[in-house]
Structures are given as structure tokens and as C-alpha cells.
Amino acid sequence: MEPIGAEGRDAMRGLLGAVNESLGAPMAPPWEAACREVPRHAFLPEKIWVGEDLKECSRGAAPGEWLRHAYADTAVVTQVNDGQAAAEVGERWASCSASAPSIVFRMLDMLDVRPGHRVLEIGTGTGWNAGLLGPKLVTTIKVDPALAAQAAGCLERVGLGAEVVQGDGARGHAAGAPYDRVVATCSVRAVPPEWVAQTAPGGVVLVPWESP
Ligand SMILES: C[S@@+](CC[C@H](N)C(=O)[O-])C[C@H]1O[C@@H](n2cnc3c(N)ncnc32)[C@H](O)[C@@H]1O
């Protein structure tokens, strides 16, 4: 993994402060350590889109700006229009993103993962959340095959071995069940019965709920 550098370290410090402020308390030491050891920028592609108008930012053309976005407490769009070249279509819509760090750490805290737990994550995104879960037994599902491969590559580069499965997360991943923790990073209006069926007795299913 490429070294984070002085600018990156400053940006990381700023992010930790912003996340703690948003959480209303310092994050648990293991999550702070994970944030430092699994740097968010290592999971972002060269080209990202930011803000409500999805402004394009390329690492090559604007490295400082790209790094600032990598360590801001905001969501970063990592793919638009399902990967079709943006110029070919008029309107841009976000088809993959890295969640805002304060949401990521709030959910990790709520998940209450313990050593030895088997975790199923639905919605790999960049792979950062799976990376933060660390050397625990994590299986993560991504619907887009190219992005699944990209996330697997990022996880490998930071030396973490989460299993990235390509498929529709709504079905879960029966082959790895039962899981102690099932966490969705995409919002749902109903919890698929497969997720409950694949959760071990006493386990937890955590989802961002979207009101119908
Ligand atoms: C907010 S992003 C995840 C961000 C991730 N926590 C990170 O920081 O990189 C939610 C992801 O869920 C994925 N997703 C949505 N529906 C899905 C499904 N049915 N199966 C698998 N992935 C899905 C989206 O493509 C998107 O990448």
C-alpha cells in the first residue's frame, strides 16, 4: 500500500475529529485504529464525483482536492451511470459510492462485532467498510462485477482477505451462512427473509431503513 504522506495524515486527523464530533463521543479505540490502518483513500478510484451536482474530481489533475474529499466526512460517488462513459449520457446519477465516514462508524458501532464473528455485508461499495471490519470473517456482496473486482483488489492491497461475492445482495449468501452479523450498506424498505434465515440464533441484522 502506498504511504499516506504528511498531507494524508493531517487529513486523517481532521476526519477523526469530524467523525467524533458527529458521533457526539470519541469512537471506540479499535475503530480509530482501523480508520488509521485501513485508509479510506486506498479504496477510492482515480476519478470520483462530489457534491449535489456530482462534480468530477480526478486524482491525477487535482491530487490535493481528491485527497481532501477522501478524508471529508461526506459520501463520495465512485461510479456514475453504472459505469457508462458520462459523456455518452446527459444526466449523471450515482451508481456506487463510499458512505460518509460518520455513518460508517455509527453503523460499525451499532453492529457490535466481536472477535470470531462471521459477518455478511450487503453492498460492498468501495470495500472500505469490509476493510474496517478487518481480519474478522467477512463476506461482502456487490452487484456490479467490475466494482466487485475493484473492491477485492483494494482489500488485497491493504492486506485484508474479505471474501467479495458478486451477486444480488437481496438473496444474501447462503454458502457462507450462518452469520453472526448481517449488515446492509444500501437502504431497504423491507428486510429480505434470506438475510434473517442466514443469521445465526442471537445474531443481528442491521439495515439503513428507508421509509416507504
Ligand atoms: C453506500 S454504498 C456502500 C458504501 C460502502 N460502505 C463504502 O464505504 O464503500 C451501497 C452499495 O450497495 C450496493 N447495492 C445496492 N443494492 C445492492 C444489492 N441488491 N446487492 C448488492 N449490492 C447492492 C450499491 O451498488 C452500492 O455500492
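Good morning. A residue is called buried when its relative accessible area is under 20%, exposed when that area is over 50%, and partly exposed in between. V191, at 33% relative accessibility, therefore counts as partly exposed. The structure under discussion is a predicted model, and V191 is a convenient place to enter it.

V191 sits in the loop that runs between β8, residues 179-184, and α7, residues 193-197. Together with V196, V205 and W209, V191 makes up a nonpolar patch on the surface. The accessible area of these four residues together is about 350 Å².

From the surface I turn to the aromatic residues. How many aromatic pairs does a search of the whole structure find? The search finds one. Its members are F105 and W128, arranged edge-to-face, with 5.7 Å from centre to centre and 85 degrees between the planes. The pair links distant parts of the chain, since F105 belongs to helix α4, residues 101-111, while W128 belongs to helix α5, residues 128-133. In sequence the two are 23 residues apart. Are these two residues buried or exposed? Both F105 and W128 are buried. W128 has a further neighbour: R40 lies over the face of its ring, at 5.6 Å from the ring centre.

Let me stay with helix α4. F105 is one of several buried residues there, the others being P101, S102, V104, M107, L108 and L111. In an α-helix there are 3.6 residues a turn, so residues three or four places apart point the same way. What covers the buried residues of α4? The cover includes the helices α1, residues 5-23, α2, residues 29-37, and α5. It also includes the strands β5, residues 118-122, β8, and β9, residues 199-206. Just after α4 comes D112, whose phi is positive, at about 55 degrees.

Strand β9 brings us to A200, which is found in that strand. A200 counts as buried because its relative accessibility is 14%. Leaving aside residues up to four places away in sequence, A200 touches P178, Y179 and D180. A200 and P178 are 22 residues apart in sequence, yet their C-alpha atoms are 5.0 Å apart in space.

P178 deserves a word of its own. It lies in the loop between β7 and β8, and the peptide bond joining A177 and P178 is cis, with omega of about 5 degrees. H173 lies in the loop between β7, residues 163-166, and β8 as well. Why is H173 classed as buried? Its relative accessible area is 16%, and the cut-off for buried is under 20%. Again leaving aside residues up to four places away in sequence, the contacts of H173 are L120, T139, I141, E163, V165, Y179 and Q198. Y179 thus appears among the contacts of A200 and among those of H173.

I close with two loop residues and their backbone angles. L54 is a residue other than glycine with a positive phi, near 50 degrees. L54 lies in the loop between β1, residues 47-50, and β2, residues 55-58. D82, which is not a glycine either, has a positive phi of about 55 degrees. Its place is the loop between β3, residues 76-80, and β4, residues 94-98. As for accessibility, L54 is buried because its relative accessible area is 11%, whereas D82 is partly exposed because its value is 47%. Thank you for your attention.

How values were computed:
Residues are numbered from 1 along each chain as its sequence is written. This is a predicted model: local features need pLDDT of at least 70, side-chain atom pairs count only at pLDDT 80 or more; totals for chains, interfaces and linings use all residues. Side-chain values use heavy atoms; hydrogens and water are left out. Rings of Phe, Tyr and Trp (its six-membered ring) pair if their centres lie within 6.5 Å; planes under 30 degrees apart count as stacked, over 60 as edge-to-face and the rest as tilted. Helices (H or I, at least four residues) and strands (E, at least two) are DSSP runs, numbered from the N terminus. Buried means under 20% relative accessible area, exposed over 50%, partly exposed in between (1.4 Å probe, protein chains only). A charge sits over a ring if NZ of Lys or CZ of Arg is within 6 Å of the ring centre and within 35 degrees of the ring normal. Patches are made of residues with over 30% relative accessible area and no salt bridge: like charges are joined within 9 Å, nonpolar side chains (Val, Leu, Ile, Met, Phe, Trp, Tyr) within 5 Å. Accessible areas come from the Shrake-Rupley method with a 1.4 Å probe; for residues, only the protein chains shown count as cover. A salt bridge is a side-chain nitrogen of Lys or Arg within 4 Å of a carboxyl oxygen of Asp or Glu. Contact means heavy atoms within 4.5 Å.
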